[in-house]
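Thank you for making the time this morning. I would like to walk you through the ligand site first and then turn briefly to the cysteines, so please have a look at the slide.

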Amino acid sequence: MSLKDINDRLKAAEARAGRAPGSVTLIAVSKVQPVERVRDVLAQGQRVFGENRVQEAQGRWPSLMQTHDGISLHLIGPLQTNKTRAAMEMFDAIHSVDRLKLAETIARIADEIGTCPDLFVQINTGAEPQKAGVLPDDTDGLVRQIRDLSLPLKGLMCIPPVDQEPAAHFELLQALAARNGLEGLSMGMSDDFETAIAHGATHVRVGSAIFGERVYQG
Ligand SMILES: *Cc1c(COP(=O)(O)O)cnc(C)c1O
(Lines give C-alpha, C1' and ligand atoms only; values in the text may rest on other atoms or scores of the structure.)
Protein backbone atom coordinates (compact mmCIF):
# COMPACT_ATOMS: atom_id res chain seq x y z
CA MET A 1 0.00 0.00 0.00
CA SER A 2 1.14 3.53 -0.66
CA LEU A 3 0.25 6.65 1.25
CA LYS A 4 -1.96 7.64 -1.66
CA ASP A 5 -3.91 4.38 -1.47
CA ILE A 6 -4.54 4.90 2.23
CA ASN A 7 -5.63 8.50 1.69
CA ASP A 8 -7.99 7.38 -1.09
CA ARG A 9 -9.51 4.71 1.17
CA LEU A 10 -9.80 7.22 4.01
CA LYS A 11 -11.64 9.71 1.77
CA ALA A 12 -13.97 7.00 0.48
CA ALA A 13 -14.75 5.89 4.04
CA GLU A 14 -15.48 9.51 5.04
CA ALA A 15 -17.89 9.84 2.13
CA ARG A 16 -19.63 6.51 2.84
CA ALA A 17 -20.13 7.55 6.46
CA GLY A 18 -21.54 10.92 5.42
CA ARG A 19 -18.65 12.64 7.12
CA ALA A 20 -17.27 15.97 5.92
CA PRO A 21 -14.15 15.70 3.73
CA GLY A 22 -11.11 16.27 5.90
CA SER A 23 -12.88 15.40 9.16
CA VAL A 24 -10.57 12.45 9.74
CA THR A 25 -6.86 13.02 10.46
CA LEU A 26 -4.48 10.34 9.24
CA ILE A 27 -1.69 9.71 11.74
CA ALA A 28 1.12 7.82 10.02
CA VAL A 29 2.56 5.57 12.72
CA SER A 30 6.30 5.55 12.10
CA LYS A 31 7.44 3.73 15.25
CA VAL A 32 10.28 1.29 14.64
CA GLN A 33 10.33 2.11 10.92
CA PRO A 34 13.71 2.86 9.35
CA VAL A 35 14.24 6.57 8.82
CA GLU A 36 14.50 6.11 5.04
CA ARG A 37 10.88 4.94 4.98
CA VAL A 38 9.90 7.94 7.08
CA ARG A 39 11.68 10.30 4.67
CA ASP A 40 9.88 8.61 1.81
CA VAL A 41 6.47 9.25 3.37
CA LEU A 42 7.46 12.83 4.20
CA ALA A 43 8.42 13.29 0.56
CA GLN A 44 4.91 12.15 -0.41
CA GLY A 45 3.50 15.01 1.65
CA GLN A 46 2.45 13.38 4.93
CA ARG A 47 2.99 15.65 7.93
CA VAL A 48 1.16 14.01 10.86
CA PHE A 49 3.08 11.16 12.47
CA GLY A 50 2.63 8.88 15.47
CA GLU A 51 5.35 7.45 17.70
CA ASN A 52 4.86 5.23 20.72
CA ARG A 53 8.10 6.00 22.57
CA VAL A 54 9.38 9.39 23.66
CA GLN A 55 13.01 8.38 23.34
CA GLU A 56 12.66 7.05 19.81
CA ALA A 57 10.93 10.26 18.77
CA GLN A 58 13.65 12.38 20.38
CA GLY A 59 16.24 10.41 18.46
CA ARG A 60 15.09 11.23 14.98
CA TRP A 61 12.39 13.87 14.73
CA PRO A 62 14.37 16.99 15.67
CA SER A 63 16.56 16.63 12.59
CA LEU A 64 13.63 15.71 10.32
CA MET A 65 11.84 18.83 11.60
CA GLN A 66 14.75 20.98 10.53
CA THR A 67 14.38 19.85 6.94
CA HIS A 68 10.55 19.62 6.75
CA ASP A 69 8.00 22.25 7.74
CA GLY A 70 4.66 21.64 9.39
CA ILE A 71 5.32 18.30 11.06
CA SER A 72 2.87 17.34 13.78
CA LEU A 73 3.81 14.52 16.16
CA HIS A 74 1.38 12.42 18.18
CA LEU A 75 2.39 10.23 21.10
CA ILE A 76 0.30 7.05 20.93
CA GLY A 77 2.18 4.84 23.41
CA PRO A 78 2.19 4.73 27.22
CA LEU A 79 3.78 7.70 28.97
CA GLN A 80 5.84 7.34 32.16
CA THR A 81 5.44 10.29 34.47
CA ASN A 82 9.19 11.04 34.43
CA LYS A 83 9.09 11.49 30.64
CA THR A 84 6.19 13.95 30.72
CA ARG A 85 8.22 17.11 30.14
CA ALA A 86 10.16 15.59 27.26
CA ALA A 87 6.90 14.36 25.73
CA MET A 88 5.27 17.77 26.05
CA GLU A 89 8.24 19.43 24.36
CA MET A 90 8.21 16.99 21.46
CA PHE A 91 4.56 16.14 20.78
CA ASP A 92 1.53 18.11 19.58
CA ALA A 93 -0.86 15.53 20.98
CA ILE A 94 -0.75 12.80 23.63
CA HIS A 95 -3.24 9.96 23.11
CA SER A 96 -2.33 7.91 26.18
CA VAL A 97 -3.47 9.88 29.24
CA ASP A 98 -4.71 7.16 31.58
CA ARG A 99 -4.35 8.36 35.17
CA LEU A 100 -4.85 11.40 37.33
CA LYS A 101 -1.21 11.61 38.42
CA LEU A 102 -0.10 11.96 34.81
CA ALA A 103 -2.74 14.61 34.15
CA GLU A 104 -1.60 16.55 37.22
CA THR A 105 2.01 16.41 36.06
CA ILE A 106 0.97 17.61 32.61
CA ALA A 107 -0.96 20.49 34.19
CA ARG A 108 1.99 21.55 36.33
CA ILE A 109 4.39 21.56 33.37
CA ALA A 110 1.84 23.28 31.12
CA ASP A 111 1.69 26.11 33.66
CA GLU A 112 5.46 26.40 33.54
CA ILE A 113 5.99 26.29 29.79
CA GLY A 114 2.76 27.99 28.76
CA THR A 115 1.63 25.37 26.23
CA CYS A 116 0.07 21.95 26.32
CA PRO A 117 -0.40 19.27 23.68
CA ASP A 118 -3.92 18.15 22.78
CA LEU A 119 -4.88 15.34 25.10
CA PHE A 120 -6.81 12.10 24.64
CA VAL A 121 -7.76 9.73 27.44
CA GLN A 122 -6.95 6.12 26.62
CA ILE A 123 -9.78 3.71 27.41
CA ASN A 124 -9.18 0.00 27.91
CA THR A 125 -12.43 -0.91 26.15
CA GLY A 126 -11.73 -4.64 26.36
CA ALA A 127 -10.77 -4.48 30.07
CA GLU A 128 -7.60 -6.39 29.22
CA PRO A 129 -5.34 -6.80 32.27
CA GLN A 130 -2.09 -6.22 30.34
CA LYS A 131 -3.31 -3.17 28.45
CA ALA A 132 -2.99 0.49 29.36
CA GLY A 133 -5.98 2.75 29.69
CA VAL A 134 -8.79 3.36 32.16
CA LEU A 135 -11.74 1.04 32.34
CA PRO A 136 -14.90 2.25 30.59
CA ASP A 137 -16.65 2.72 33.96
CA ASP A 138 -13.88 5.04 35.14
CA THR A 139 -14.00 7.28 32.07
CA ASP A 140 -16.43 9.91 33.34
CA GLY A 141 -14.50 10.36 36.58
CA LEU A 142 -11.11 10.85 34.93
CA VAL A 143 -12.57 13.16 32.29
CA ARG A 144 -14.07 15.32 35.02
CA GLN A 145 -10.77 15.46 36.90
CA ILE A 146 -8.86 16.43 33.76
CA ARG A 147 -11.38 19.16 33.00
CA ASP A 148 -10.98 20.46 36.54
CA LEU A 149 -7.28 20.89 35.73
CA SER A 150 -8.26 23.10 32.72
CA LEU A 151 -6.30 20.88 30.33
CA PRO A 152 -7.02 20.78 26.57
CA LEU A 153 -8.85 17.46 26.52
CA LYS A 154 -9.87 16.62 22.94
CA GLY A 155 -11.20 13.12 23.10
CA LEU A 156 -10.79 9.43 23.80
CA MET A 157 -8.54 6.75 22.38
CA CYS A 158 -8.72 2.95 22.30
CA ILE A 159 -6.87 -0.10 21.02
CA PRO A 160 -9.38 -2.97 20.71
CA PRO A 161 -8.32 -6.49 21.72
CA VAL A 162 -6.56 -8.18 18.80
CA ASP A 163 -8.85 -11.21 18.83
CA GLN A 164 -12.18 -9.40 18.75
CA GLU A 165 -14.33 -7.57 16.23
CA PRO A 166 -13.28 -3.95 16.63
CA ALA A 167 -16.68 -2.45 15.78
CA ALA A 168 -18.18 -3.03 19.24
CA HIS A 169 -15.17 -1.30 20.82
CA PHE A 170 -15.45 1.64 18.45
CA GLU A 171 -19.14 1.95 19.32
CA LEU A 172 -18.35 1.88 23.01
CA LEU A 173 -15.69 4.58 22.63
CA GLN A 174 -18.07 6.71 20.61
CA ALA A 175 -20.77 6.38 23.27
CA LEU A 176 -18.35 7.24 26.09
CA ALA A 177 -17.14 10.32 24.19
CA ALA A 178 -20.66 11.50 23.38
CA ARG A 179 -21.74 11.09 26.98
CA ASN A 180 -18.82 13.31 28.03
CA GLY A 181 -19.26 15.90 25.31
CA LEU A 182 -15.95 15.04 23.65
CA GLU A 183 -15.50 15.22 19.88
CA GLY A 184 -12.17 13.51 19.34
CA LEU A 185 -12.10 9.77 18.69
CA SER A 186 -8.65 8.26 18.17
CA MET A 187 -9.37 4.76 16.91
CA GLY A 188 -8.67 2.52 13.94
CA MET A 189 -5.38 1.05 12.70
CA SER A 190 -4.18 -0.57 9.46
CA ASP A 191 -6.70 -3.42 9.52
CA ASP A 192 -9.78 -1.55 10.68
CA PHE A 193 -9.50 2.19 10.06
CA GLU A 194 -12.43 2.22 7.64
CA THR A 195 -14.66 0.58 10.26
CA ALA A 196 -13.45 3.15 12.77
CA ILE A 197 -14.35 6.00 10.42
CA ALA A 198 -17.84 4.53 10.02
CA HIS A 199 -18.13 4.78 13.81
CA GLY A 200 -16.97 8.37 14.03
CA ALA A 201 -13.17 8.23 14.26
CA THR A 202 -11.56 11.66 13.99
CA HIS A 203 -7.98 10.33 14.17
CA VAL A 204 -6.90 7.02 12.66
CA ARG A 205 -3.47 5.61 13.50
CA VAL A 206 -2.12 3.69 10.52
CA GLY A 207 1.36 2.17 10.54
CA SER A 208 2.15 -0.96 8.59
CA ALA A 209 -0.35 -0.29 5.78
CA ILE A 210 1.63 2.86 4.94
CA PHE A 211 5.20 1.90 5.81
CA GLY A 212 5.20 -1.87 5.39
CA GLU A 213 5.67 -4.39 8.17
CA ARG A 214 7.64 -3.27 11.17
CA VAL A 215 11.02 -4.95 11.51
CA TYR A 216 11.91 -5.35 15.17
CA GLN A 217 15.58 -5.77 15.96
CA GLY A 218 16.03 -8.51 18.53
C1 LIG B 1 1.59 0.45 16.36
C2 LIG B 1 0.34 1.16 16.68
C3 LIG B 1 -0.58 1.52 15.66
C4 LIG B 1 -0.38 1.16 14.20
O5 LIG B 1 -0.59 -0.18 13.99
P6 LIG B 1 -0.70 -0.80 12.49
O7 LIG B 1 -1.42 -2.07 12.69
O8 LIG B 1 0.69 -0.96 12.02
O9 LIG B 1 -1.45 0.17 11.68
C10 LIG B 1 -1.70 2.23 16.04
N11 LIG B 1 -1.94 2.57 17.32
C12 LIG B 1 -1.09 2.25 18.31
C13 LIG B 1 -1.39 2.68 19.70
C14 LIG B 1 0.06 1.53 18.03
O15 LIG B 1 0.91 1.22 19.02
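Sorted by class, the shell around the ligand holds 5 nonpolar, 3 polar and 3 charged residues, where Ala, Val, Leu, Ile, Met, Phe, Trp, Tyr, Cys and Pro count as nonpolar, Asp, Glu, Lys and Arg as charged, and the others, Gly among them, as polar. This is a predicted model, in which local features need pLDDT of at least 70 and side-chain atom pairs count only at pLDDT 80 or more, while totals for chains, interfaces and linings use all residues. Residues are numbered from 1 along each chain as its sequence is written, and side-chain values use heavy atoms, with hydrogens and water left out.

The residues surrounding the ligand, meaning those with a heavy atom within 4 Å of it, include Val29, Lys31, Ile76, Met189 and Arg214.

As for polar contacts, that is, pairs of N or O atoms within 3.5 Å, a polar side-chain atom of Arg205 lies 2.8 Å from a nitrogen atom of the ligand. Gly207 has a backbone N or O atom 2.8 Å from an oxygen atom of the ligand, and a backbone N or O atom of Ser208 likewise lies 2.8 Å from a ligand oxygen atom. Of the 390 Å² of accessible area that the ligand has on its own, the protein covers 89%, using the Shrake-Rupley method with a 1.4 Å probe.

Turning to the cysteines, how many disulfides are there? The count comes to 0, a disulfide being a pair of cysteine sulfur atoms within 2.5 Å.

How values were computed: Polar contact = N/O pair within 3.5 Å; in protein donor to acceptor, adjacent residues only side chain to side chain.
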